[in-house]
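Reader: I want to learn how to read a model like this one. Please take me through it feature by feature.

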Amino acid sequence: MTPALSLRDYALHYDTPTGPVRILDGISLDIGRGEVLGLVGESGSAKSSLANAVIRDLPGKVHAEHGTITLAGDDITALPEAELGALRGRRIAMVFQNAATTLDPVQTLGDHLLETLGRHTGLAPAARRDRALELLGMVGLPDPAAMMARYPHEVSGGEKQRVVLALAFGCEPELILFDEPTSALDATTAATLLDLFRDLQARTGVSALFISHDLGTVAEIAHRVAVIYGGRIVEEGPTEAIFAGPKHPYTQALLASLPRPSDRLEGRGLATSGARPAPRRGEMPPCLFSASCPHHDPSVCDVQRVHPSHVEDRQIACARVARGETLPAPQAPAPLQSPRGETALLEARGLSVTYGRTALVDRLRGRATPQVRAVRDVSFRLNRGETLALVGESGCGKSSLARALSGLQGFTGETMLAGTPTAPDSAAWRARVQTIFQNPDSSLNPRHTLATILGRPLKLFRPEVDRPAEIARLLERVHLPADYATRYPHQLSGGEKQRVAIARALAAEPDVIICDEITSGLDAAVQAAIVRLLREIQATTGAALVFITHDLGILRHIADRLAVMYLGEMVETCEIAALDAAPWHPYTEALLSSSHSVDPGSDTRRVRLQGSLPKRTEDVSGCPFASRCPRHIGPDCDSSRPPLRAPEPGHDILCHLSDAALNAVPPIWQFKTSDTTRTTQ
Amino acid sequence: MKTLRALLRNPQGAAGLALCALVMFAALFGPALAPKDPEAFNFGARFAGPSAEFPLGTDWYGRDLLSRILVGAQSTVLLALLATFIGTAAGALIGVVSGYLGGVVDEILMRLTDALMAIPSLLFALMILAALGSSALNAVLAIGIAFTPGMARIARSVTLQVRSFDYVAAAKARGESLAWIVGAEILPNTIAPVIVEGTIRVAFAIMTLATLSFLGLGAQPPAPEWGLMIAEARDHLFRSPWPVAVPGAAIAIVAIGFNLLGDGLRDVLNPRTGDHA
């Protein structure tokens, strides 16, 4: 049987004002019928360009294109635009990352479906409507008839992505291309959507190319996986085999830098030896990875261009593996301990952040304007040298809390620094509490050199130091060469920029550093390196960290304590060690279960959230999580505020469930170690 | 330097740059280049067409038009640039401060600029001249003030985008002064669109300045200001077209030159259409 999609020696070069750039080359891939091929790679690996090439919608100016792309035996590389129009949507469908921009805001969800069906099927209008309703039901949207009439802004992000999924499945295509379909969604929503796709794929038998930078997601869904680096496939084979025993040095490094749920139990550290970006212009080295490869041997690797060759169960582009060698995976450094102290440094009591002000009209009519309570009555304490992680999904108030603690957002409540009440917008607080922002592209002024960026906090907080020498020392502290001082941010890579942002925070010699999602946009190896750098800094300076993230995996490598936020409230605070076993708040349990990770040695119990979030302006009388809670125990959950339970010292859970019930929750992970099967309970 | 090279690769930018260079050359070295005294009468050669002696012809007093244009370039072009600079600088500052501070300050400043923008800039300039008295420098000031609200609007809209970047939040969080945040963090990042708008407005300034002179409210005779030259020559239009056509063409060249330069700069400074890798 011919494969659903087949690429043979496909190469693509774009023309840019500074000369041709190699995007893809030597790509040979097959996707069998009913098969899901996962394509994983770091940012800049050209994985999205591959999807663009398959759907024949190349955004750049093509310099050269070679090879063939065949869809069920038909070569589509040379098809004219008119025939491609008939192909797209009907035979190949695509699901993009951002459903918010995929859907047209002025069309109803129903119009989207009817238009696609009308264009590609010969169905009569009434039959089209029936089919659209069927599709909406199929993707698990409640009340399809009402959904048809809604506009994209009236539904949630997860629901939008479900509609996009319905559009993709609408004309029963042979192949669906998924380009990071769950990356923009919250973990709990992404997990339900991934389940839905797996179910639909099994039912319809559609073939799919599933592109993601998140190896955990791909491990969940793909039958086979291809690893792309610098526009070439370096390793391809069955998913379990590749993730359990990566053979290519690049794949090995990639997997060694990913956190796993079992890390804390096994004392596993993260490898920080990331790959440098592959060369894109001029003469290509025989092996693209040779510049970053720890096993590079010129006498073997540089003899001729390295092509993928068949080794056991997989295709692999490595000259040494092809000769039958087994290359050892990189050794990760052991995790560093945090310099955790016993005295309280930063305390917050009853902190609330409210957005929106009473409108004039409402004030005149004596009515309250609905306000968004982003953070509600949060209290916590941060000890010297400790790392407190704030975890939650979008809209849980973690960033509002960070802004309040940075003095950027007004709030009610009390904040204390080393036992003295201090306001976050006071000079005393600013000198001791520094913030690192999420995106270094926007937190570093593009018009300033690094010397200016690092010099400003020195001028403000430590005017007595010799500035040029201190800037050089700061750059060195974050492992950047001192001559970077004259550079501008755009001359640096993403990871380097974030290091500069860290250096800027260090310049003030702070006692507390607030890290607002600082590793979210970074590749795994860079993230591992940044986390290690933070730990090193803590070890030398004794600074305490407030580490805000939505990624649970990385927590075990940076945090001492953990606070889980849901709709502005801290629903659980505990030691990081307590995360590995019950009790959990039901939301924490779902969050932990939804975060996919590549861990061949563990099984994850599935906990999925149903139901919708309450409106942000609503004052919920009961538990804020009641509408989605899988462990809902009755009317109490909806009507009265949950009590604060302390199943063990230093562990607080805001829940109606009794301590005994919370303790009786079965473990989320089953870890299989080499000698015995161990459960964590 | 990079901008200049990119500008030369852009056809509009290159043409605009060439025309503007020509005009600036005339403005700076005009008096030295002028072959004759711009105010010397030649009664023997009134209303002469272009000839070897008078390359662009003469006017009703027999004054050499080429010399008058070259000498007049200084007052016309430099005054227009000055007027634009005043309008751009004042507008950018108001816009950035207003956009950054937001709230009541923004509301007051923007409603004021809205009110000013409701009046056509020529009428507004006339009003200011009526209050200040007519002179070339007052005309420049009037045009500068008339341009301010429009520039403020543009600078404000760019500032609203820039303000949401974290580097502004970072500056606020470390307690920087308002002057540093506005002057060093925001202003440099809003400058590209403001410069582009400014170059386009140079052409408007020249035309408004010429109009004011035409109405007798700017430069006074016998100054060889281009607008004034047209105003004076219109009585003699049916005797000879040259005294009107030559300064008219000069104004058109400057206007087109700066417009092209503005278009070119807009393309080059825009990262999306500029030299992206």
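Reader: Start with a database span. How much helix and how much strand do residues 7–255 of chain A hold, and how far apart are the end C-alpha atoms?

Author: One caution before that: this is a predicted model. Residues 7–255 of chain A are 41% helix and 28% strand. The end C-alpha atoms of that span lie 26 Å apart. The span has a label too. The unreviewed UniProt entry lists residues 7–255 and 358–592 of chain A as "domain: ABC transporter".

Reader: What does UniProt list as "transmembrane region" in chain B?

Author: Take the record, then check the geometry. The unreviewed entry gives residues 12–34, 77–102, 122–147, 202–220 and 240–262 of chain B. Now test two of them. Residues 12–34 of chain B are 96% helix and 0% strand, with 30 Å between the end C-alpha atoms. Residues 240–262 of chain B are 91% helix and 0% strand, and there the ends are 35 Å apart.

Reader: Next, domains. Into which domains is chain A divided?

Author: Watch for split ranges. Chain A has domain 1 (32–42 + 80–241), domain 2 (248–322), domain 3 (344–565) and domain 4 (581–647 + 657–679). Pick a pair and look at the contact. The C-alpha centres of domain 2 and domain 3 of chain A are 34 Å apart. Domain 2 of chain A puts twelve residues into their contact, and domain 3 of chain A puts in eleven. On the domain 2 side, helix 11 (249–256) and helix 12 (263–266) of chain A each give two or more residues. That side of domain 2 has six nonpolar, four polar and two charged residues.

Reader: How many residues does each chain give to the contact of chain A with chain B?

Author: Read it the same way: count, elements, classes. Chain A gives 19 residues and chain B gives 14 residues. In chain A, the elements with two or more residues there are helix 17 (427–432), helix 18 (440–443) and helix 19 (450–461). The chain A side splits into eight nonpolar, nine polar and two charged residues.

Reader: And the core. Which residues touch the most other members of the largest nonpolar core?

Author: The general idea: in soluble globular proteins, nonpolar side chains tend to be buried together. Here the largest nonpolar core has 270 residues, and A:L209, A:F210, A:V546 and B:I206 touch the most other members. Helix 3 (residues 65–101) of chain B gives the most to this core, 15 residues.

Reader: What is A:L209 in contact with, leaving aside its neighbours within four places in sequence?

Author: Its contacts include A:L5, A:I31, A:L37 and A:L39. A:A51, A:V54, A:L177 and A:F178 are also in contact with A:L209.

Key:
Residues are numbered from 1 along each chain as its sequence is written. Chains are lettered from A and ligands numbered from 1 in the order in which they are written. This is a predicted model: local features need pLDDT of at least 70, side-chain atom pairs count only at pLDDT 80 or more; totals for chains, interfaces and linings use all residues. Two residues are in contact if their C-beta atoms, placed from the backbone, lie within 7 Å. Helices (H or I, at least four residues) and strands (E, at least two) are DSSP runs, numbered from the N terminus. Ala, Val, Leu, Ile, Met, Phe, Trp, Tyr, Cys and Pro count as nonpolar, Asp, Glu, Lys and Arg as charged, and the others, Gly among them, as polar. Domain bounds come from an automatic or database domain assignment. UniProt positions are given in the numbering used here, feature names are shortened, and annotations may be inferred rather than shown by experiment. A nonpolar core is a set of buried Ala, Val, Leu, Ile, Met, Phe, Trp, Tyr and Cys residues joined through C-beta atoms within 7 Å. A residue is buried if 20 or more other C-beta atoms lie within 10 Å of its own, exposed if 12 or fewer, and partly exposed in between; C-beta atoms are placed from the backbone.
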